[in-house]
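Biologist: Please bring up the model. I would like to go through its charged pairs and its overall build.

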Amino acid sequence: MSGRDDLFGRYCLPGNRYKKLLSARVLTGDREQALRFGRAMADDGRRASVAELAGLLAGDWREAGTACWLIGFARRWEFRSELRRRLRAGEAGRAAKGIAFALARSGRAGDAEVLAHRLAADLGDPAHPSCQPWLLGALLVVEERLGLTVSDELLAPEGPWERWAEASTSGSGEAAQWAGLVRRWVELAEAV
């Protein structure tokens, strides 16, 4: 078994972890199961070495996405600058949900800044519908935690978010809904 396969097997596959991270089913089910899932994420995130997390980040979308969630659950802030760099450079891809969660959990002013930057760059393109809601939800959670307001221009009437939501096929354009979802993930992480 190669090193990459070993990392995938240890960190992404247990209980179909990477698939569960793509949806909110963990949050809507039994609370005790959600807490067990969260504890396993936090434990594995703390146990993983820097090299292992870096290896996961260098992998495909399943590996990179899982790494971001592990980083957020375990508060592995030594990776914060790399997550910000990926988001700022538009290199997040399908790992963007995990990055959004990790930055929401980190909750620093610089996290809000990079989330707003990425949103400003991406909201003009409804062809990329998967990450904008998560990025906005994370931004609103960070703003709420820090008492900041950097999303005003994005959320202005007839502004970038409203135009994107009208053109998007990804579902609800309600900013509060996305903030609530990200907040629930952060609350789960903080409960374990």
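Modeller: This is a predicted model. Start with one pair: the side chains of Asp43 and Arg46 form a salt bridge, 2.8 Å from N to O.

Biologist: Which helix holds both Asp43 and Arg46?

Modeller: The two residues are 3 apart in sequence. That is about one turn of the helix. Both belong to residues 31–47, helix H4.

Biologist: Is Asp43 buried, partly exposed or exposed?

Modeller: Buried needs under 20% relative accessible area, and exposed needs over 50%. Asp43 has 31%, so Asp43 is partly exposed. Its partner Arg46, at 48%, is also partly exposed.

Biologist: What is the N to O distance between Arg85 and Glu82?

Modeller: Side chains of opposite charge can pair when their charged atoms come close. The cut-off for a salt bridge is 4 Å. Arg85 and Glu82 meet in a salt bridge, and their N to O distance is 3.0 Å.

Biologist: How far apart are Arg85 and Glu82 along helix H7?

Modeller: Helix H7 covers residues 80–88. Arg85 is partly exposed at 37%, and Glu82 is partly exposed at 24%. The two are separated by about one helical turn, which means 3 residues.

Biologist: Which residue forms a salt bridge with Arg145?

Modeller: The closest N and O atoms of this pair are 2.1 Å apart. The partner of Arg145 is Glu190.

Biologist: How many residues separate Arg145 and Glu190?

Modeller: This pair links distant parts of the chain. Arg145 sits in helix H10 (residues 132–146), and Glu190 in helix H13 (residues 175–191). The separation is 45 residues.

Biologist: Which residues join Arg145 and Glu190 in one network of salt bridges?

Modeller: Arg145 has 37% relative accessibility and counts as partly exposed. Glu190 has 40% and counts as partly exposed too. Salt bridges that share partners bring in Arg75 and Arg105.

Biologist: How many salt bridges does the count come to?

Modeller: The pairs above include Asp43 with Arg46 and Arg145 with Glu190. The count comes to 17.

Biologist: How many helices and strands does the protein have?

Modeller: From the N terminus on, the elements run α-α-α-α-α-α-α-α-α-α-α-α-α. The totals are 13 helices and 0 strands.

Biologist: What radius of gyration does the protein have?

Modeller: The C-alpha trace spans about 50 × 35 × 30 Å along its principal axes. For 192 residues, a compact globule would have a radius near 16 Å. The protein agrees, with 16 Å.

Biologist: What share of the contacts joins residues at least 24 apart?

Modeller: Of the 192 residues, 49% count as buried. Take the contacts between residues at least 6 apart in sequence. Those joining residues at least 24 apart make up 72%.

Biologist: How far apart do the centres of the positive and negative side chains lie?

Modeller: The protein exposes about 8900 Å², and carbon and sulfur atoms supply 49% of it. The protein has 28 positive and 26 negative side chains. The centres of the two sets lie 7 Å apart.

Biologist: Where is Leu13 found, and which residues are in contact with Leu13 beyond its neighbours within four places in sequence?

Modeller: Leu13 is in the loop between helix H1 (3–12) and helix H2 (17–20). Leu13 is partly exposed, at 37%. Leaving aside neighbours within four places in sequence, its contacts are Phe8 and Tyr18.

Notes. Residues are numbered from 1 along each chain as its sequence is written. This is a predicted model: local features need pLDDT of at least 70, side-chain atom pairs count only at pLDDT 80 or more; totals for chains, interfaces and linings use all residues. Side-chain values use heavy atoms; hydrogens and water are left out. Buried means under 20% relative accessible area, exposed over 50%, partly exposed in between (1.4 Å probe, protein chains only). The radius of gyration is taken over C-alpha atoms; the globule rule is 2.2 Å times the number of residues to the power 0.38. Contact means heavy atoms within 4.5 Å. Accessible areas come from the Shrake-Rupley method with a 1.4 Å probe; for residues, only the protein chains shown count as cover. Lys and Arg count as positive and Asp and Glu as negative; His and the chain ends are not counted. The place of a charge is taken as NZ of Lys, CZ of Arg, CG of Asp or CD of Glu.
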